[in-house]
Structure formats: structure tokens, C-alpha cells
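Student: I am new to this structure and would like a close look at a single part of it, with the surroundings explained step by step. Could you take me through it slowly?

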Amino acid sequence: MPAAVSPAAELAQRSISRWPARGASAGSPTSGRQSNAHTHSIPASTKGFTSSEADAKALEGFGRQLTKAGIGLDALFTGYDVANGAPLGPAAAEFGGRAAGGFAGGWPAGSLWGSLVGPEGTLIVGLLGGIAGAAGGDEVVKAGLGE
Amino acid sequence: MKDIFFGAAVVCFFAGFSVSSFRLSRNAQRRAYWVCACLAGVSGFLMCYPNWEKGLGVAGLFFGAMAIAAYVTTPYIKIGGKVYALTVSDSQPDPEEAPTPSGGHASAKGVLAADSGDPEFDPAPDSYSAILSAAKMWWMLVIVAVIAAGNMYFVVVGRAGGLIPVIMAAFITLLAIGVGYADGSWNYAIARRQHFQFGVVSLITAGSFAVVYLAAYFTARLRPLRRAQSMEYRVHPRHSKRSAAD
């Protein structure tokens, strides 16, 4: 696990293998149906798999919270800077670049990782994609503004 | 006063982002979210008062940020009875309006076959991990390609430099490999039939995206990567059936 990974992300990572197997997620109202729905058709090689659909949903939920936190904090600090004298136009444009790059980088990266590899690591890959996209969006707007 | 209204805006953001945690109907959550968004905008305006221009700008910034967050992470944008959202699960009809699961439709968050009670149920058969539909995935790739190509352009004209343009070039390349391999491994059509976006991305990147994508796609057709843990098995029941037959 890289040192830069946040505690929440690390917890999400660990929970994948800690949580019960498919269809046995505690408190999940659909757990029984999940089990029945797939056991007849899932490949034999997946039967020992330790994460469930609930885990995948939990990861998507973490992704949502990270996105909200990123966009919300960025907007609030940008607004605070503007209220304290920063020019409005460039600050708003840079926020737009970071926001667009962030969600356009993060969600596709996470989705592709889930498709190719599985739920493990999806959150980290999505986070890294979001950071890369946001940094790129910020940089391109700054360069466009001549900063 | 500035700090007080900034604090009020923080509370509005936090409250708006938390409404999904409460046991409220989807419509009540939606109303509460947009009330918070409007109050955040008013707080932003008052932060800058009496500078009207900056006040309106910050108000728009705060409201716009909550609108972006609503599109990306919630089902709270509903216009004319249709929900507009980034993800497949958030794009489903409200649970109060959706038919019962036995009718074969998704519940509020039900985009998995298991949630519908029907093992064959697949509300977005071309989606990536049941998170992004093929169309939205490829529009996201257009945005990333614009950013990556923009960075490269500014490097060439001498207005940018450093590591970020290199990271963006590597990132769009990895995305091209990943999406090509994912599409090829699971026998989807090229670009999952999003040919317009594929053309736009290829044009923006001077054809380099198409070359990398197609190389990955046809390599995956010969040597597919189908990990047992892949989300494709979980969200697209037809893949499970095919593998079981194999």
C-alpha cells in the first residue's frame, strides 16, 4: 500500500477482503437475492471470490464522497480567495478546469479498472485519475490565461 | 462578516452533500439539496458584498459547484420527469416512480442483475462496470483528450512545461490502452459503437489515441483479459453465461 493513500481509502481497500463473501453482506436487504441470482451462471473460477456487489457499490459510494469533497472544498477555497481579493475570472476558470479534469479523469479511470481488474484498487485508481485530470485541467487553463 | 458568510456557505455545502444520508424520499432529498445550493449561492454573494460583481461571481461559483457535484454524484437533477446524472445508477428513475423489481426495472440504486430479482437484468448492457454508460465514458475521454492535447500545445508554443503535460500524455495513453483492452477482451464493438466520440478523440490527439486504442483492442481480441473479479461478470450477466458455456 503506497504511503500516500489516505486512511479512508486504505480502509476501503481492506474492507474488500474483510467483508463476507458474495451474498452474505450483513444488513444488505438484497443479499439473499444476490446469492441466488448469480451462483448458477458465474464462472467457476469466481466462486471463491471474496468481494460482493455490495462491496462494488460501497466503492462507488466512496468515489461519490471523494468527488463531493474535492469539488466542494475547491469551490469554497476559490470563493474565499476571490472574496479576499483574488481576480474572479481566472479563479473561476481554473476551478472549472480542475473540476472538469477531476471528474473526467477519475470516473473513467475507476470504471476501466473495475472492468479490467475488479473492485480491488478501483478507488485508488479513480483517485489518481482524478488528481491527474484536475492537475492537467488547472495547468491548461493557467497556460491559456498566460499565467 | 465575510468569515461568517463563508462559514454559512461551508454549512450549506456540508448539509447539501449529506442529505442522501437521511431517510427521506428522493424528492425530499432533491428539494433539500437545491435549497442548500441556493443558500450557498446567497452566502457566496454576501461574502463579497458590497462588491456586486464579485458577489454574483462567487454566488455562481458556489451554485455551479453544487450543480456539478449533483450531476456527478447524485440523481438530484431532474428536468421534465427525467433524471440527468453521470452514473448509470443515478440515472435510473426515482424509486417512487419505478416499477416494482419483479417488473424487471431497476430500483433506486439497482443496476445489478441481483437487485432486480431477474438474473438476466442488465439496464446498461454497454456500460463500463455499470458505472458509466458507453456514451458518457467516451465523452469523458473527449474532455481528458482536450486537456492532454491542450497541455501539449502549450508546451510546444512555450507557455507550459514541467511534469504535468507529461503526466497527462501518459494518462491519456493509459486510458487508450485500458479502454481498448476492456472493449476487446469482452468482445464489444470498437469504442462500444461510440464512433463520433472516438473520431473526436482521435482528431484531437492527432490520431495517436486511435493507434494505441486499436492496437490494444486487437491485442485483447487475441489475448483477452477476463479476470474472475472483473466487474463485467457482476454487472453484465451475459458474460457469466458465456464463460460458463466455455
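Student: Which residues is B:A145 in contact with, leaving aside its neighbours within four places in sequence?

Tutor: Leaving aside the neighbours within four places in sequence, B:A145 is in contact with B:I172, B:V201, B:I204, B:T205 and B:F209. Please keep in mind throughout that this is a predicted model. B:A145 also belongs to a wider group, for the largest nonpolar core has 99 residues, and B:A145 is listed with B:A40, B:F62 and B:V144 as those with the most contacts inside that core. These names lead to other parts of the model, and they can be followed one at a time.

Let us begin with B:V144, which lies in helix 5 of chain B and takes part in a meeting with the other chain. Helix 4 of chain A and helix 5 of chain B, the latter covering residues 134-156, pack at an angle of about 130 degrees, with their axes 9 Å apart. The two helices, helix 4 of chain A and helix 5 of chain B, are therefore oblique to each other, and their crossing is left-handed. On the chain A side the residues are A:A100, A:G101, A:A104, A:G105, A:W107, A:P108 and A:S111, and these meet B:M137, B:M140, B:L141, B:I143, B:V144 and B:I147 of chain B. Sorted by class, this contact of helix 4 of chain A with helix 5 of chain B has ten nonpolar, three polar and no charged residues.

That pairing is part of the contact between the chains, which takes 58 residues from chain A and 66 residues from chain B. On chain A, helix 2 (31-39), helix 3 (53-83), helix 4 (88-116) and helix 5 (122-145) each supply at least two residues of the side that touches chain B, and the largest share, 18 residues, comes from helix 4 of chain A. The residues of this side of chain A divide into 29 nonpolar, 21 polar and eight charged.

The other two core residues, B:A40 and B:F62, bring us to a pair of helices within chain B, where B:A40 is among the contact residues of helix 2 and B:F62 among those of helix 3. The axes of helix 2 (residues 26-48) and helix 3 (residues 52-73) of chain B come within 7 Å and cross at roughly 155 degrees, which makes helix 2 of chain B roughly antiparallel to helix 3 of chain B. Helix 2 of chain B passes helix 3 of chain B in a right-handed crossing. Beside B:A40, the contributors from helix 2 include B:Y33, B:A37, B:G41 and B:F45, while those from helix 3 include B:L56, B:F63 and B:M66 as well as B:F62. By class, the contact of helix 2 with helix 3 of chain B has 16 nonpolar, three polar and one charged residues.

Finally, the chains themselves can be set out as a background to these details. Chain B has ten helices and two strands, and buried residues make up 48% of its 246 residues. In chain B, residues 24 or more positions apart account for 53% of the contacts with a separation of 6 or more. Chain A comes to five helices and zero strands, and 56% of its 147 residues are buried. For chain A, residues 24 or more positions apart account for 65% of the contacts with a separation of 6 or more.

Methods
Residues are numbered from 1 along each chain as its sequence is written. Chains are lettered from A and ligands numbered from 1 in the order in which they are written. This is a predicted model: local features need pLDDT of at least 70, side-chain atom pairs count only at pLDDT 80 or more; totals for chains, interfaces and linings use all residues. Axes are lines fitted to C-alpha atoms, for helices over the stretch in contact, and angles run from 0 to 180 degrees between N-to-C directions. Helices (H or I, at least four residues) and strands (E, at least two) are DSSP runs, numbered from the N terminus. Angles under 35 degrees count as roughly parallel, over 145 as roughly antiparallel, 65 to 115 as roughly perpendicular and the rest as oblique. A crossing is left-handed if the near helix is turned anticlockwise from the far one by less than a right angle, and right-handed if clockwise. Two residues are in contact if their C-beta atoms, placed from the backbone, lie within 7 Å. Ala, Val, Leu, Ile, Met, Phe, Trp, Tyr, Cys and Pro count as nonpolar, Asp, Glu, Lys and Arg as charged, and the others, Gly among them, as polar. A residue is buried if 20 or more other C-beta atoms lie within 10 Å of its own, exposed if 12 or fewer, and partly exposed in between; C-beta atoms are placed from the backbone. A nonpolar core is a set of buried Ala, Val, Leu, Ile, Met, Phe, Trp, Tyr and Cys residues joined through C-beta atoms within 7 Å.
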